[in-house]
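Hi,

Here is the structure I promised to pass on. Have a look at it first, and then read on for what turned up in it.

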Amino acid sequence: DIATLEELEAAIQTSGTTKPLVLRFHASWCSACKRFAPTWQQTVNAYEEYFDFVDVDVTGKRDIIMAMGLTVLPHSHFYVGGSKVEDFGVSIKKLNGLLERLDKYKKMQ
């Protein structure tokens with residue numbers, strides 16, 4: 001898990017050196033985040049061969065929220081070679097969209 005904005009920026013800069021990076025932003029107080037967590041873990045297990053998945057708990061981390069432009073949780077960003085290529089809210093209802101994005105970038109490797 002990422003604890004600081006500096007750690008997050010370092011992870012983003014090195015993204016794509018081995019695999020694309022998928023960040024999941026969530027918060028301990030977020031009920032939607034809690035509901036989505038088991039589904040997220042199943043997704044990580046299914047795709048971890050192709051992506052680096054990192055969780056970022058933004059509870060009390062206004063600097064990360066502001067720097068990443070987060071307006072809804074849970075939220076994900078995809079990075080390849082230090083560049084953000086996708087930015088979207090995630091939830092059980094939006095699972096198909098997440099899986100489509102993962103499959104799209106998996107095929108690009």
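Let's start with charge: the chain carries 13 positive and 14 negative side chains, and the centres of those two sets sit 8 Å apart. Before going further, please keep in mind that this is a predicted model, so everything below is computed from predicted coordinates.

Now the overall layout. You'll find four helices and four strands in the chain, and if you walk along from the N terminus, the elements come in the order α-β-α-β-α-β-β-α. The radius of gyration is 13 Å, close to the 13 Å that the globule rule gives for 109 residues, so the chain is as compact as a globular protein of that length. If you like to think in boxes, the C-alpha atoms fill one of roughly 35 × 30 × 20 Å along the principal axes.

A few totals go with that. Of the 109 residues, 41% are buried. The chain exposes about 6,100 Å², and 52% of that is supplied by carbon and sulfur atoms. As for contacts, take those with a separation of 6 or more: 67% of them are between residues 24 or more positions apart.

Next, the disulfide. The structure holds one, and it joins Cys 30 to Cys 33, with an S to S distance of 2.5 Å. Which hand does it have? The torsion about the S-S bond is about 80°, so the disulfide of Cys 30 and Cys 33 is right-handed. Both partners are out of the way of solvent in the sense used here: Cys 30 is buried, and Cys 33 is buried too.

Helix α2 covers residues 31-47, and Thr 39 is found in it. Is Thr 39 buried or exposed? Its relative accessibility is 14%, and the cut-off for buried is under 20%, so Thr 39 counts as buried. Leaving out residues up to four places away in sequence, Thr 39 touches Ile 92 and Leu 95.

Then there is helix α4, residues 95-107, which is where you'll find Leu 102. With a relative accessibility of 0%, Leu 102 counts as buried. What does Leu 102 touch, once its neighbours within four places in sequence are set aside? The list is Val 22, Thr 43, Tyr 47, Phe 51, Phe 53 and Phe 78. Of these, Thr 43 and Tyr 47 fall within the 31-47 range of helix α2.

From Leu 102 you can step across to Tyr 50: these two are 52 residues apart along the chain, yet their C-alpha atoms are separated by 8.8 Å. Tyr 50 lies in the loop between α2 and β2, the latter being residues 52-57. Its relative accessibility is 25%, so Tyr 50 counts as partly exposed. In another direction, Tyr 50 and Ser 28 are 22 residues apart along the chain, and 27 Å separates their C-alpha atoms.

The loop between α2 and β2 also contains Glu 49. Glu 49 has a relative accessible area of 61%, so this residue is exposed. How far is Glu 49 from Thr 59, C-alpha to C-alpha? The separation is 29 Å, for a pair ten residues apart along the chain.

One peptide bond is worth finding on your screen. The bond from Leu 73 to Pro 74 is cis, with omega near -10°. Pro 74 has its place in the loop between α3, residues 62-68, and β3, residues 75-80.

Last, the beginning of the chain. Thr 4 is in the segment before α1, which spans residues 5-13. At 30% relative accessibility, Thr 4 counts as partly exposed. Thr 4 and Val 90 are 86 residues apart in sequence, and the distance between their C-alpha atoms is 22 Å.

If you want somewhere to begin, try the disulfide between Cys 30 and Cys 33, then go to Leu 102 in helix α4 and follow its contacts, Phe 51 and Phe 78 among them.

Best wishes

How values were computed. Residues are numbered from 1 along each chain as its sequence is written. This is a predicted model: local features need pLDDT of at least 70, side-chain atom pairs count only at pLDDT 80 or more; totals for chains, interfaces and linings use all residues. Side-chain values use heavy atoms; hydrogens and water are left out. Helices (H or I, at least four residues) and strands (E, at least two) are DSSP runs, numbered from the N terminus. The radius of gyration is taken over C-alpha atoms; the globule rule is 2.2 Å times the number of residues to the power 0.38. Buried means under 20% relative accessible area, exposed over 50%, partly exposed in between (1.4 Å probe, protein chains only). Contact means heavy atoms within 4.5 Å. Accessible areas come from the Shrake-Rupley method with a 1.4 Å probe; for residues, only the protein chains shown count as cover. Lys and Arg count as positive and Asp and Glu as negative; His and the chain ends are not counted. The place of a charge is taken as NZ of Lys, CZ of Arg, CG of Asp or CD of Glu. A disulfide is a pair of cysteine sulfur atoms within 2.5 Å.
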